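Biologist: Could you take me on a close tour of a single part of this model, and show me what surrounds it? I'm happy with detail, as long as you keep it informal.

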Amino acid sequence: MNGPVVVGVDGSPAALAAVDAAARAATLRGVELRVVHAFLWPAMHAPPASSVLGPPTAALHESVERIVVDAVERARGQATGLRVDHAVIVGEASMVLREQSRTAQLVVVGHRGSQRLAELLAGSTAVELSAHGHCPVMVVRGRPDPAGPVVVAVDGSPQGQPAIAFAFSEAALRGADLVALHAWSTWTDHREHALGRPVDLVEIVGDVDRLRQEEERELALSLSAHRERYQGVTVRPRLVRGRTRPALIEASAHAQLMVVGARGHGGFTGLLLGSVSQAALHHAQCPVTVVRSDL
C-alpha cells in the first residue's frame, strides 16, 4: 500500500511524541506524512468536512494554526527530505482519523490527548481508532525513545496472522530483531469447560512436557510462512507459561514496539479489541500497534 502515514495532533505532549514516531515510520516507508488536526467548535458537534467551517475568532484560528504548524515543523526536523502534508478537519477526532485511515497505511496517535476529562467520559480516541480504523494503528506510549526488538503477540489463531505479518515487516524496516511471544497455560477457562469450573489440563493429559511441545509446534507453525519471506529478520520465539497480558507488559519494558492483533468483528470496542489488546494499549511501556484481523 502506497498511502501516507497519518498522525493525529492536538497540541498535547503525547501528540508531539506521536509526530516523532510517525515521522520515523514515514521515512522508513518512503512515503508522505500527513498531519491531521480534528477541530470542533466549542459546544458544537459537526460532521467531518474538508476544512474548518465558518469564520473562526482570531484567537481560535491562531490556536488551531499553531498546533498544526508546530507539528509540521517538528516532523520536518526529524528527517531531511520528508514530505509533510497537513489538514484541519471539522469533526470528532476518532471519526476524522477513522476516515483518514481508509487511504493510509498507518495511523499514529498519542495515548492521551489534551482533553483528559473528555477522554474519560467519551472514551479514548486511541482505543476507538484501534478498534475501528481501516489500517494498522500505532499508539505511542511508554518510555521515551524505546530501544530493543519488535515484540509480537502470537496466539496461534488464523486471525492473528495479519499482526504477525505486520510485525515481520516492521522488524525488517527497523533492522530490529523480532520476539514472537506466545503465552500458554494448562488451566482452562471454566466458561469453556463442561465441568463449569477451571480445569488443569495436566489432570487430563498427565504430561506437561507434551503440552509444552504442542505449544512450541503451534508457535513455530504460526511463524513459518513469514520466516521464509523475511529471511533477513532474526526471530526469537519465546514461549511463556502463564497469562498473556502480564507476559506482554513485561516484554514491552525491553521493546521498541509491540504488535497485537484485534478480532475485526463485533460492534462494541471492548469486544472488538479483546482483553490482551486493551491491556497493551493501557499498560505497555513502549508504542503499541494494533492490527485488525480483517484488514
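**A helix and its partners**

Modeller: Let's warm up with Ser252: setting aside neighbours within four places in sequence, this serine is in contact with Arg143, Met258, Ala284, Gln285 and Cys286. Keep in mind that what you're looking at is a predicted model. Ser252 sits in helix H9, residues 244–252, and its relative accessible area is 0%, so this serine counts as buried.

Now zoom out for a moment. The protein has 10 helices and 10 strands, and 45% of its 295 residues count as buried. If you take the contacts with a separation of 6 or more, 78% of them are between residues 24 or more positions apart.

The part I'd like to dwell on is helix H6, residues 161–174. H6 has 14 residues and spans 20 Å from the first C-alpha to the last, close to the 20 Å expected at 1.5 Å a residue. Which residues of H6 are buried? They are Ala163, Ile164, Phe166, Ala167, Phe168, Glu170, Ala171 and Arg174. Notice that Glu170 and Arg174 are on that list along with the alanines and phenylalanines. Right after H6 comes Gly175, with a positive phi near 65 degrees.

So who are the partners? Start with helix H8, residues 208–229, which packs against H6 at an angle of about 40 degrees, the axes being 10 Å apart. Angles from 35 up to 65 degrees fall in the oblique class, and H6 and H8 are therefore oblique to each other. Their crossing is right-handed. On the H6 side, Gln161, Ile164, Ala165 and Phe168 make the contact, and they meet Ser222, Leu223, His226 and Arg227 of H8. By type, that contact comes out as four nonpolar residues, three polar and one charged. When you look at spacing like this in a helix, remember that an α-helix has 3.6 residues a turn, so residues three or four places apart point the same way. Ile164 and Phe168 both meet H8, and both are buried.

The other partner is helix H1, residues 13–29, whose axis comes within 10 Å of the H6 axis and crosses H6 at roughly 85 degrees. H1 and H6 are therefore roughly perpendicular to each other. Here Arg24, Leu28 and Arg29 of H1 touch Phe166, Glu170, Leu173 and Arg174 of H6. This contact splits into three nonpolar residues, no polar ones and four charged. Three of the H6 residues facing H1, namely Phe166, Glu170 and Arg174, are also on the buried list.

While we're at H8, pick out Glu216, which is found in that helix. Buried or partly exposed? With 41% relative accessibility, Glu216 counts as partly exposed. Its C-alpha is 7.1 Å from that of Leu239, although the two are 23 residues apart in sequence.

One last stop, away from the helices: Asp145, in the loop between strand E5 (137–140) and strand E6 (150–153). Most residues other than glycine have a negative phi. Asp145 isn't a glycine, yet its phi is positive, about 45 degrees. With 75% relative accessibility, this aspartate counts as exposed.

Definitions and conventions. Residues numbered from 1 in each chain as written. Predicted model: local features only at pLDDT ≥ 70, side-chain atom pairs only at ≥ 80, totals over all residues. Heavy atoms only, no water. Axes fitted to C-alpha atoms, helices over the stretch in contact; angles between N-to-C directions. Helix = DSSP H or I, 4+ residues; strand = E, 2+ residues; numbered from the N terminus. Parallel < 35°, antiparallel > 145°, perpendicular 65-115°, else oblique. Left-handed = near helix turned anticlockwise from the far one by under 90°. Contact = heavy atoms within 4.5 Å. Nonpolar A, V, L, I, M, F, W, Y, C, P; charged D, E, K, R; others polar. Expected span 1.5 Å × (residues − 1). Buried < 20%, exposed > 50% of the residue type's maximum accessible area, 1.4 Å probe, protein only.
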